[in-house]
Amino acid sequence: MAKQKYFKKGFSLIEMIIYAAILSVLTIVTINATFSTIRSFAEFRVARDLNSSAASLLERMTREIRAARGINAAQSSLGVNPGRLTLLTKDSGGADTTVEFYVENGALKIKEGGVAMGALTSSSTEVTNFVVRSLSNPKSSAVKAELGLNATRGGISKSGNFYNTILLRGGY
């Protein structure tokens, strides 16, 4: 009688363990890469919030300071944190008025003509430092602004310090 050859069909136990290990490693790498991407995107959003808040705040302050005729030193808190800057300016009708920048509840706010116009910062951004200084010489006046911001979103936080020096052009 001839010997019959038996061929095994399927996988052995060792092959299954190796395939399961490879699949587990690939799954772990994929999950870690996904979480890393999500965290990087969240950090990017926080950095974007911080930088866009700083840019919009400093842009608004620059526009108002450049248009101002001077600083009301009696109503301003210069060289301290939190500072307060009250500018002497004109409204759209040409009448004398004031524009005031101040910090309240962690938000930088603005008043125009004594009327609160609201916060200039987003809800995810907090003002940690706001110092304004008056600089002057016989020919010109300027304002130096120091702004510290902290942006938080979903447990991720980022801080930054921003500086600007703006020349008052409305006075000459």
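Is M16 buried, exposed or partly exposed? I looked up this residue first in the model, which is a predicted one.

**Entry on M16.** I located M16 in helix α1. Its relative accessible area is 43%. I therefore recorded M16 as partly exposed, since that term covers values between 20% and 50%. I then looked for nonpolar residues at the surface and found M16 in a patch of about 750 Å². The other members of this nonpolar patch are F11, I14, I18, Y19, I22 and L26.

**Entry on the core.** I next turned to the interior. The largest nonpolar core holds 27 residues. I noted M61, I65, L85, F101, F130, L147 and L149 as the residues with the most contacts inside this core. At least two core residues come from each of α1 (13-67), β2 (84-90), β3 (96-104), β4 (107-112), β6 (125-136), β7 (141-153) and β8 (156-167). Helix α1 contributes the most, with 7 residues.

**Entry on F101.** I chose F101 from the core and listed its contacts, leaving out neighbours within four places in sequence. F101 is in contact with R60, M61, E64, G83, R84, L85, L87, K109, I110, L120 and F130.

**Entry on T121.** Which loop holds T121? I found T121 in the loop between β5 (115-119) and β6. Its relative accessibility is 11%, and T121 therefore counts as buried, the limit being under 20%. Apart from residues up to four places away in sequence, T121 touches L57, A107, L108 and V127.

Terms used:
Residues numbered from 1 in each chain as written. Predicted model: local features only at pLDDT ≥ 70, side-chain atom pairs only at ≥ 80, totals over all residues. Heavy atoms only, no water. Core = buried A, V, L, I, M, F, W, Y, C linked by side-chain atoms within 4.5 Å. Buried < 20%, exposed > 50% of the residue type's maximum accessible area, 1.4 Å probe, protein only. Helix = DSSP H or I, 4+ residues; strand = E, 2+ residues; numbered from the N terminus. Contact = heavy atoms within 4.5 Å. Patch = residues over 30% accessible without salt bridge, like charges linked within 9 Å, V, L, I, M, F, W, Y side chains within 5 Å. Areas by Shrake-Rupley, 256 points an atom, 1.4 Å probe, with all protein chains shown as cover. Salt bridge = Lys/Arg side-chain N within 4 Å of Asp/Glu carboxyl O.
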